[in-house]
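Got your viewer open and a selection box ready? Load the model below and we'll walk through it one selection at a time.

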Amino acid sequence: ARSIIVLNYDRKNNNETNLYKGSTLVARLIKLNYPSLVYTITCRKNKLKWPCGILYILNSNGNSVGELPKVAVIRLSALGDVVLCASMVLHLVNCKKFKVAWITTYQSKRLLGDIEGVEFIIVPKPKNLKSFVECRRILGSFSFDILLLAQASFSAHFVSMHVKSKRKIGFDQTRSKDFHGLFINESIPTREEHFLDSYYSFASILGLQKPPEINWNGLFQSD
């Protein structure tokens, strides 16, 4: 589903005014300046025309056309679990349907190395007020379409509090602890499975099938 918003540019006051939002528009392209598309706008509904209008065509998640949904993954520790989670993160990257960020600690990033297609956001474990405030400062400038809270612990939960995202997906009730359910609004299905498979359950919620062969190609690269 897509929505269309027409914004009229006011040259005198140097700002934009929302004139119309809907889908019954006929537009003639004048100039392309990505991500904004500049059009002469004719609206069939009220027969108005805005020669200097700017037409934003948005996907249902609010991203501009051509912009991938932004997915953030939280897995801070332990190192063995970080490696298991990394396979799912690689799967998200390889499908080329998402822009992927991994919120983790310096120790985990040092183990994994650089991963092509992944933006690492390094945060301290919130063990005290100072580190809690630092997490807030680091994450304050980011926003995401989806957060995968792939760790059920107080430290990961406190980090997730500072992540701006409409969808926060976590573990089901049988695999949650430390009040995990209070920090998410969606959960993976309840079933008995290996912990590695539980990470791929996060990917399945995003419409991805588990690959026939699990691998970690692309990990442990030098900085």
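What percentage of the 223 residues of the protein chain count as buried? The figure is 44%. Keep in mind that this is a predicted model.

**The whole chain**

Start with a cartoon view. You should find five helices and twelve strands in the protein chain. Switch on the surface: the accessible area comes to about 12800 Å², and 53% of that belongs to carbon and sulfur atoms. If you like contact maps, take the contacts between residues at least 6 apart in sequence; 49% of them join residues at least 24 apart.

**The parallel sheet**

Next, pick out the six strands that form an open sheet, with parallel pairing, in the order E9-E8-E7-E10-E11-E12. Its edges are E9 (118-122) and E12 (186-187), each of which pairs on one side only. In general, strands of a sheet pair through backbone hydrogen bonds, either parallel or antiparallel.

Now select E8, residues 99-104, which is joined to E9 by five bridges, the two running parallel. E7 and E8 also pair in the parallel sense, again over five bridges. Show Ile-103 as sticks: its bridge partner in E9 is Ile-121. Look towards E7 as well, where Ile-74 has Ile-103 of E8 as its bridge partner.

Is E8 enclosed or open? Five of its six residues are buried, so E8 is largely enclosed by the rest of the structure.

**Helix H1, lying across the strands**

Select residues 79-94. This is H1, and it lies across E7 (70-74), E8, E9 and E10 (143-149), running at about 165 degrees to E8. Here's a quick check with the distance tool: at 1.5 Å a residue, the 16 residues of H1 should span 22 Å, and the end C-alpha atoms are indeed 22 Å apart.

Which residues of H1 are buried? The list includes Val-82, Cys-85, Ala-86, Val-89, Leu-92 and Val-93, and it also takes in Ser-87 and His-91. Among the elements covering the buried residues of H1 are E7, E8, E9 and E10, along with helices H2 (106-112) and H5 (195-205). Step just past the helix and you reach Lys-96, with a positive phi near 60 degrees.

**The nonpolar cores**

Show Leu-92, Trp-102 and Leu-148 as spheres. Within the largest nonpolar core, which has 30 residues, these three touch the most other members. Two or more residues come from each of E7, H1, E8, E9, E10 and H5. H1 gives the most, with eight residues.

Zoom in on Trp-102 and colour its contacts, leaving aside neighbours within four places in sequence. They include Val-82, Cys-85, Ala-86 and Val-89, as well as Val-118, Glu-119, Phe-120 and Ile-121. Val-73, Arg-75, Leu-112 and Ile-115 are in contact with Trp-102 too.

Apart from this core lies another, of 18 residues. To find it, select Leu-76, Ile-138, Phe-144 and Leu-147, which are among its members.

**A buried serine**

Go to Ser-160, in helix H4 (residues 154-160). Buried or exposed? Ser-160 counts as buried because its relative accessibility is 1%, under the 20% cut-off. Once neighbours within four places in sequence are left aside, Ser-160 is in contact with Ile-74, Leu-147, Leu-149, Lys-168 and Phe-183.

**Backbone oddities**

Finish with the torsion angles. As background, most residues other than glycine have a negative phi, and most peptide bonds are trans.

Where is there a cis peptide bond? Select Ser-77 and Ala-78: the bond from one to the other is cis, with omega near -15 degrees. Ala-78 sits in the loop between E7 and H1.

Then move to the loop between E11 (164-170) and E12 and select Asp-178. Its phi is positive, near 55 degrees. Asp-178 counts as partly exposed, at 27% relative accessibility.

For the last stop, select Phe-179, found in the loop between E11 and E12. Phe-179 has a positive phi of about 60 degrees although it is not a glycine. How accessible is Phe-179? Its relative accessibility is 59%, so Phe-179 counts as exposed.

Methods:
Residues numbered from 1 in each chain as written. Predicted model: local features only at pLDDT ≥ 70, side-chain atom pairs only at ≥ 80, totals over all residues. Heavy atoms only, no water. Helix = DSSP H or I, 4+ residues; strand = E, 2+ residues; numbered from the N terminus. Buried < 20%, exposed > 50% of the residue type's maximum accessible area, 1.4 Å probe, protein only. Contact = heavy atoms within 4.5 Å. Areas by Shrake-Rupley, 256 points an atom, 1.4 Å probe, with all protein chains shown as cover. Pairing = 2+ DSSP bridges. Axes fitted to C-alpha atoms, helices over the stretch in contact; angles between N-to-C directions. Expected span 1.5 Å × (residues − 1). Core = buried A, V, L, I, M, F, W, Y, C linked by side-chain atoms within 4.5 Å.
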